[in-house]
Amino acid sequence: MARVRQLRETGLSDLQIDTQVARWYQTHDVLTRELNGWLFTREARAFGDSLDSLKRVTPAQAIRESWVRAVVEGRPAGEVETLSLQATQPGDFPALSVPFTHVRSLNLTGVKLTAQGSNGFLAAFGPLNRLILSGNELTALPEAVQRMEQLERLELAYNAFTQAPSLPARLRSERLRWLDLNHNNLQAFDMRDFSRLETLDVSYNDIASWPEGALESQHLTRLNLSGNALVSFPQSLLEGAHDGLVSGTDLSDNHNLTAQALEQMRNYAEAHEANEVMGFSRAELDRAHRRNYGGSDTESDPDPTPMLIRALVLTTMIVIRTPATCRLRALKTRCKIPRSRHLTPGWPIPQRSWRHNEQRCGINWHRRRIMIGFSTSFRCCA
């Protein structure tokens with residue numbers, strides 16, 4: 001057994017190995033009983049949906065297998081450090097007495113847990129570096145998260161937070177580097193409480209003002225404020241001292257931005273020869289400039305001929321044989337030729353033999369080449 005060989009390589013005797021294996025068996029029995037007790041609990045309700053044991057089978061198996069692979073089989077850390085239970089929708093997980101110290105990333109997206117009912121489960125994952133609790137309609141963090149001292153990345157998208165989550169000061173100021181709160185109900189955010197953040201996503205909330213302390217942050221490089229109600233941003237943002245933050249900021253879908261703010265971004269794009277500034281393309285900023293300060297809001301067509309005329313007008317060359325007959329050769333063909341024997345205005349003339357009505361068209365037959373358009377009518381002689 002590979003695991004036994006690993007233990008022997010660490011210097012353990014056979015007796016010590018037997019003792020360790022016996023402990024694992026006991027721990028496995030405890031974990032199995034706790035999961036079975038949760039698996040066959042009477043039907044519970046969360047978010048108005050019925051939660052039965054069938055929805056708990058898959059996550060229960062995943063939890064057990066994660067422990068077996070890491071502890072009993074001794075798999076490499078890269079294979080066991082992530083545990084994903086997303087979208088299983090079992091509701092609150094059971095309290096576990098078995099520690100899952102091997103797990104560094106835990107994904108609980110859309111499992112329908114509650115802040116009060118998930119503390120016993122989350123307490124078993126103390127050494128987490130990344131925790132994903134998105135899509136659970138949370139309004140507050142579970143208390144167990146407060147004790148995750150090694151947490152560096154916290155994702156809380158698609159919940160119902162109205163203010164930034166409450167975290168211990170040491171975790172906020174020293175450990176946490178990534179915070180995702182997109183699609184919540186935030187109306188403001190204070191960066192001074194999260195001085196170590198490198199990435200902040202508060203897109204699609206109700207934030208109307210620039211986050212306090214964002215310009216003063218020494219580590220912030222990515223800031224997503226798209227889809228909010230921003231009206232403006234600090235004037236000093238685009239003055240050159242914060243170019244790193246500007247390149248990582250997204251203000252798109254903020255439809256309340258003032259004309260002055262948009263003009264500042266346009267001037268910044270021109271000065272830095274940038275195709276995009278904070279989520280706004282150069283073309284968008286140019287259109288906003290024309291709309292707010294006068295001028296046409298339509299982009300110039302690279303072809304000077306109007307699109308409608310190019311679609312309807314067909315230039316042809318007539319090679320004269322006799323005054324009564326002629327042969328038409330289409331120089332440009334853009335559309336499919338209709339099956340009708342009579343030409344439809346706007347369609348190209350096929351390369352066939354036609355009889356031309358001199359009186360209606362008034363063509364000067366003494367000219368060798370005549371340019372005509374579709375205002376002239378033809379009749380097929382086929």
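Here is a chat about a predicted model of one protein chain.

Colleague: Let's start with the whole chain. What does its secondary structure come to?
Modeller: Remember that this is a predicted model. The chain has 382 residues, and 40% of them count as buried. Its secondary structure comes to 11 helices and 16 strands.

Colleague: How much area does the chain expose, and what share of it do carbon and sulfur atoms supply?
Modeller: The chain exposes about 21,300 Å². Of that area, the share from carbon and sulfur atoms is 47%.

Colleague: Which residues of helix H1 are buried, and where on the helix do they sit?
Modeller: H1 covers residues 2-9, and its buried residues are Arg3, Val4 and Leu7. Look down the axis of H1 and these buried residues fall within an arc of 100 degrees, so they line one face of the helix. Their cover includes helix H2 (14-39) and helix H3 (54-72). So, to name the place: Arg3, Val4 and Leu7 line one face of H1.

Colleague: What phi does Gly11 take?
Modeller: Gly11 comes just after H1. Its phi is positive, at about 100 degrees.

Colleague: Is Ser105 buried or exposed?
Modeller: Ser105 has its place in strand E4 (residues 105-107). Setting aside neighbours within four places in sequence, Ser105 is in contact with Glu81, Thr82, Leu83, Leu128 and Arg130. The cut-off for buried is under 20% relative accessible area. Ser105 is at 14% relative accessibility, so it counts as buried.

Colleague: Now Leu138. Is that residue buried or exposed?
Modeller: Leu138 is in the loop between strand E5 (130-132) and strand E6 (153-155). Leaving out neighbours within four places in sequence, its contacts include Leu113, Thr114, Leu133 and Phe161. With a relative accessibility of 3%, Leu138 counts as buried.

Colleague: How far apart in space are Leu138 and Leu156?
Modeller: Along the sequence, Leu138 and Leu156 are 18 residues apart. In space, going from C-alpha to C-alpha, the distance is 8.4 Å.

Colleague: What is notable about phi of Ala87, and is the residue buried or exposed?
Modeller: Most residues other than glycine have a negative phi. Phi of Ala87 is near 65 degrees, a positive value in a residue other than glycine. Ala87 lies in the loop between strand E3 (82-84) and E4. Its relative accessibility is 59%, so Ala87 counts as exposed.

Colleague: And Tyr158: what is its phi, and how does its accessibility count?
Modeller: Tyr158 is in the loop between E6 and helix H6 (169-175). Its phi is near 55 degrees, again positive in a residue other than glycine. At 49% relative accessibility, Tyr158 counts as partly exposed.

Colleague: What is the volume of the largest pocket, and which residues are closest to its centre?
Modeller: The largest pocket has a volume of about 270 Å³. It is lined by 13 residues, and the closest to its centre are His255, Leu262, Phe280, Glu284 and Arg291.

Colleague: Which helix gives the largest share of that lining?
Modeller: By class, the lining of the largest pocket has 5 nonpolar, 4 polar and 4 charged residues. The largest share of the lining, 5 residues, comes from one helix, residues 282-293. That helix is H9.

Notes:
Residues are numbered from 1 along each chain as its sequence is written. This is a predicted model: local features need pLDDT of at least 70, side-chain atom pairs count only at pLDDT 80 or more; totals for chains, interfaces and linings use all residues. Side-chain values use heavy atoms; hydrogens and water are left out. On a 1 Å grid over the protein atoms alone, a cavity is a set of points where a 1.4 Å probe fits but cannot get out, and a pocket is an open set with protein on both sides within 12 Å along at least five of seven lines; lining residues have an atom within 4 Å of a point. Grid points are joined across faces, edges and corners, and a volume is the space filled by probe spheres set on the points. Helices (H or I, at least four residues) and strands (E, at least two) are DSSP runs, numbered from the N terminus. Ala, Val, Leu, Ile, Met, Phe, Trp, Tyr, Cys and Pro count as nonpolar, Asp, Glu, Lys and Arg as charged, and the others, Gly among them, as polar. Buried means under 20% relative accessible area, exposed over 50%, partly exposed in between (1.4 Å probe, protein chains only). The arc is that of the directions from the helix axis to the C-beta atoms. Contact means heavy atoms within 4.5 Å. Accessible areas come from the Shrake-Rupley method with a 1.4 Å probe; for residues, only the protein chains shown count as cover.
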